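This briefing introduces a protein structure to a reader who has not seen it before. The points below are grouped by topic.

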Amino acid sequence: MEASGYIHIEIKDGIMFGIYKAGVKINLKIAEAIIKHRLEKSQGKNFPVLIDGNGIVSINKKARDYFVTEKAQFGMSAVAILTNSYFTTFLANVFLNLTAKKRTVPTKHFTNKNKAMKWLERFK
């Protein structure tokens, strides 16, 4: 499965950006493809990551559980989740609340990109 159909990943100024495409419904296979794609892009280096989750429509339990595994969190020094609608903010908060005890990487939700970027700077 090709992750590029679901997310665009790039690295700028020491921060990795993951921008979900509109209408993404994340299941386990898609989550695995996304993590594989991120790991290939990072080439074994650690990066703070800004996730623009505004394109996400849903994320099932198996995908949520996978995203907080050691393998999926590898190579991330911190994660900022950016949303700009009530719905995507709700999804982000549900994800953060359901995975709080399993996450090993500092993770925070933002509705302002500048604040998210400022927070991520300390994890470079």
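How many bridges join β6 to β7, and do these strands run parallel or antiparallel? There are 4 bridges between β6 and β7, and the two strands run parallel. The model is a predicted one, and the points below start from its sheet and then move to the helices.

**The sheet**

- The sheet is open and consists of 5 strands, arranged in the order β1-β2-β4-β6-β7 with mixed pairing.
- The edge positions belong to β1 (7-12) and β7, each of which has a single partner strand, so one side of each is left without a neighbour in the sheet.
- From one strand to the next, the twist averages 20°.
- Strands of a sheet can pair in a parallel or an antiparallel way, in both cases through backbone hydrogen bonds.

**Strand pairs**

- Strand β2 (residues 15-20) runs parallel to strand β4 (residues 47-52), and 4 bridges join them.
- Within that pair, M16 has V49 of β4 as its bridge partner.
- Strand β4 also pairs with β6, in the parallel sense and over 6 bridges.
- Here F47 stands opposite M76 of β6.
- On the β7 side, A80 stands opposite K108 of β7.
- Strand β6 is largely enclosed by the rest of the structure, because 7 of its 7 residues are buried.

**Helix α4**

- Helix α4 covers residues 86-99, which makes 14 residues.
- From its first C-alpha to its last, α4 reaches 20 Å, close to the 20 Å expected at 1.5 Å a residue.
- The buried residues of α4 are T88, T89, L91, A92, F95, L96 and T99.
- These residues cover an arc of only 160° around the axis, which puts them on the same side of α4.
- The face of α4 turned away from this buried side carries Y86, F90, N97 and L98, which are exposed.
- The buried residues of α4 pack against β5 (56-59), α2 (61-67), β6 (76-82) and β7 (107-110).
- Helix α4 lies across β6 and β7, and runs at about 165° to β7.
- Together, β6, α4 and β7 make a β-α-β unit that is right-handed.

**Helix α5**

- Helix α5 (residues 113-121) lies across β2, β4, β6 and β7, and runs at about 170° to β6.
- Its buried residues are A116, W119 and L120.
- Seen down the axis of α5, the buried residues fall within an arc of 100°, so they line one face of the helix.
- The exposed residues N114, K115 and K118 sit on the face of α5 turned away from its buried side.
- The buried residues of α5 pack against β2, β4, β6 and β7.

**Residue R64**

- R64 is found in helix α2.
- Its relative accessible area is 15%, and R64 counts as buried because the cut-off is under 20%.
- Leaving aside residues up to four places away in sequence, R64 touches I59, F95, L98 and T99.
- Among these contacts, F95 and T99 are also buried residues of α4, whereas L98 is one of the exposed residues on the face of α4 turned away from its buried side.
- R64 and M76 are 12 residues apart along the chain, and their C-alpha atoms are separated by 16 Å.

Conventions. Residues are numbered from 1 along each chain as its sequence is written. This is a predicted model: local features need pLDDT of at least 70, side-chain atom pairs count only at pLDDT 80 or more; totals for chains, interfaces and linings use all residues. Side-chain values use heavy atoms; hydrogens and water are left out. The expected span of a helix is 1.5 Å times one less than its number of residues. Buried means under 20% relative accessible area, exposed over 50%, partly exposed in between (1.4 Å probe, protein chains only). The arc is that of the directions from the helix axis to the C-beta atoms. Contact means heavy atoms within 4.5 Å. Two strands pair if DSSP finds at least two bridges between them. Axes are lines fitted to C-alpha atoms, for helices over the stretch in contact, and angles run from 0 to 180 degrees between N-to-C directions. A crossover is right-handed if, with the strands pointing away from the viewer, the path from the first strand over the helix to the second runs clockwise.
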